[in-house]
Structure formats: structure tokens, C-alpha cells
Amino acid sequence: MDVFPGTFTTYYGRGCDECRGTGYRGRTGIFEFMAVDGEMRRLILENVSSDVIRQKAVSKGMRVLRDCGWDKVRQGITTIEEVLRVSQEGM
Ligand SMILES: [Zn+2]
């Protein structure tokens with residue numbers, strides 16, 4: 001899957017005294033939501049490993065946390081580095 005289709009501009013805060021040079025101000029949230037249908041419920045009840053459950057959810061179209069972060073990068077709200085910092089690979 002192409003994480004960054006097309007081209008877009010990323011933004012970095014210059015940093016100042018108020019943000020102690022970080023260039024970040026405030027916080028934003030990134031989220032993922034797993035829909036539980038009959039098949040997902042069965043996997044959960046069968047105590048299948050969370051990796052398997054996660055892969056199944058993704059195959060059913062679940063958008064993972066990091067993808068939500070990439071949206072915020074595209075919107076200029078945060079940076080690639082910050083999304084990488086707060087979300088795990090493959091998540
Ligand atoms: Zn600042």
C-alpha cells in the first residue's frame with residue numbers, strides 16, 4: 001500500500017522561546033477503531049492472538065493508528081517524525 005500517494009508539503013515549526021524550540025504547540029489525537037462483526041467476535045472469543053485479530057481487522061478495512069497520523073502530516077498538523085515516535089511499526 002502506498003502510504004503517501006502523490007506529493008504534498010510537510011510543515012515544521014521553526015521553534016521559539018514559547019515552545020522551547022520544539023516547533024510544536026498543543027496536542028492532537030490519532031485514533032483507530034476496530035469494528036467487531038461476527039467473524040471478529042468469533043476470533044476474539046477463540047482467544048486468537050492479537051496480531052491475527054489485527055491483521056483480520058486491517059484486511060476488513062480498519063485504518064490503523066499510524067495512517068491516522070499520516071493524515072495529520074498531510075494536513076500540516078504534525079510531522080512525520082512525531083507520528084513515527086508515537087505509533088508503532090505495522091500499527
Ligand atoms: Zn514556538
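Where is the place of Asn 47? In this predicted model, Asn 47 is found in the loop between H1 and H2. Its phi is near 60°, a positive value in a residue other than glycine. Asn 47 is also exposed, with a relative accessible area of 71%. A second residue invites a look alongside Asn 47. Arg 20, which is not a glycine either, has a positive phi of about 50°. Arg 20 belongs to the segment before H1, and its relative accessibility of 75% places it among exposed residues, because exposed means over 50%.

The helices on either side of that loop come next. Helix H1 covers residues 38–45 and helix H2 covers residues 50–59. The largest nonpolar core consists of six residues, namely Met 40, Leu 43, Ile 53, Ala 57, Met 62 and Val 64. To this core, H1 and H2 each contribute at least two residues. In soluble globular proteins, nonpolar side chains tend to be buried together.

Charged pairs form another part of the picture. The structure contains eight salt bridges. One of them pairs Glu 39 with Lys 56, whose closest N and O atoms are 3.2 Å apart. This pair links distant parts of the chain, since Glu 39 sits in helix H1 and Lys 56 in helix H2, 17 residues apart. Both partners are open to some degree: Glu 39 is partly exposed at a relative accessible area of 29%, and Lys 56 is partly exposed at 28%.

A further salt bridge is made by Arg 42 and Glu 46, with 3.2 Å between the closest N and O atoms. Arg 42 counts as partly exposed, having 42% relative accessibility. Glu 46 is likewise partly exposed, with a relative accessible area of 47%. Both values fall short of the exposed class because that class begins over 50%.

Arg 63 and Asp 71 also form a salt bridge, and here the closest N and O atoms are 2.8 Å apart. Arg 63 is partly exposed, with a relative accessible area of 43%, and Asp 71 is partly exposed as well, at 22%. Elsewhere, salt bridges that share partners bring Asp 37, Glu 39, Lys 56 and Lys 60 together in one network.

Asp 71 is not the end of the story for this stretch of the chain. What is the place of Arg 66? Arg 66 is part of helix H3, which spans residues 65–74. Although arginine counts as a charged residue, Arg 66 is buried, because its relative accessible area of 13% is under 20%. Arg 66 can also be related to the early part of the chain: Arg 66 and Gly 6 are 60 residues apart in sequence, and their C-alpha atoms are 18 Å apart in space.

The zinc ion is the next feature to consider. Which residues are its protein donors? They are Cys 16 and Cys 19, each through its SG atom, at 2.1 to 2.2 Å from the ion. The two cysteines fall into separate accessibility classes. Cys 16 counts as partly exposed at 41% relative accessibility, whereas Cys 19 is buried, with a relative accessible area of 13%. The class of Cys 19 follows from its value because buried means under 20%.

Both zinc donors reappear in the lining of the second largest pocket. This pocket has a volume of about 230 Å³. Its lining is made up of Gly 13, Arg 14, Gly 15, Cys 16, Glu 18, Cys 19, Gly 23, Tyr 24 and Arg 25. Sorted by class, these are three nonpolar, three polar and three charged residues.

The largest pocket has a volume of about 420 Å³. How many residues line the largest pocket? There are 18, and those lying nearest its centre are Tyr 24, Gly 26, Thr 28, Thr 78 and Glu 82. By class, the lining has seven nonpolar, seven polar and four charged residues. Tyr 24 belongs to the lining of the largest pocket and also to that of the second largest.

Notes
Residues numbered from 1 in each chain as written. Predicted model: local features only at pLDDT ≥ 70, side-chain atom pairs only at ≥ 80, totals over all residues. Heavy atoms only, no water. 1 Å grid on protein atoms, 1.4 Å probe; cavity = no way out; pocket = protein on both sides within 12 Å on 5 of 7 lines; lining within 4 Å. Points joined across faces, edges and corners; volume = space filled by probe spheres on them. Donors = N, O, S within 2.8 Å, 3.2 Å for Na, K, Ca; no water. Buried < 20%, exposed > 50% of the residue type's maximum accessible area, 1.4 Å probe, protein only. Salt bridge = Lys/Arg side-chain N within 4 Å of Asp/Glu carboxyl O. Helix = DSSP H or I, 4+ residues; strand = E, 2+ residues; numbered from the N terminus. Core = buried A, V, L, I, M, F, W, Y, C linked by side-chain atoms within 4.5 Å.
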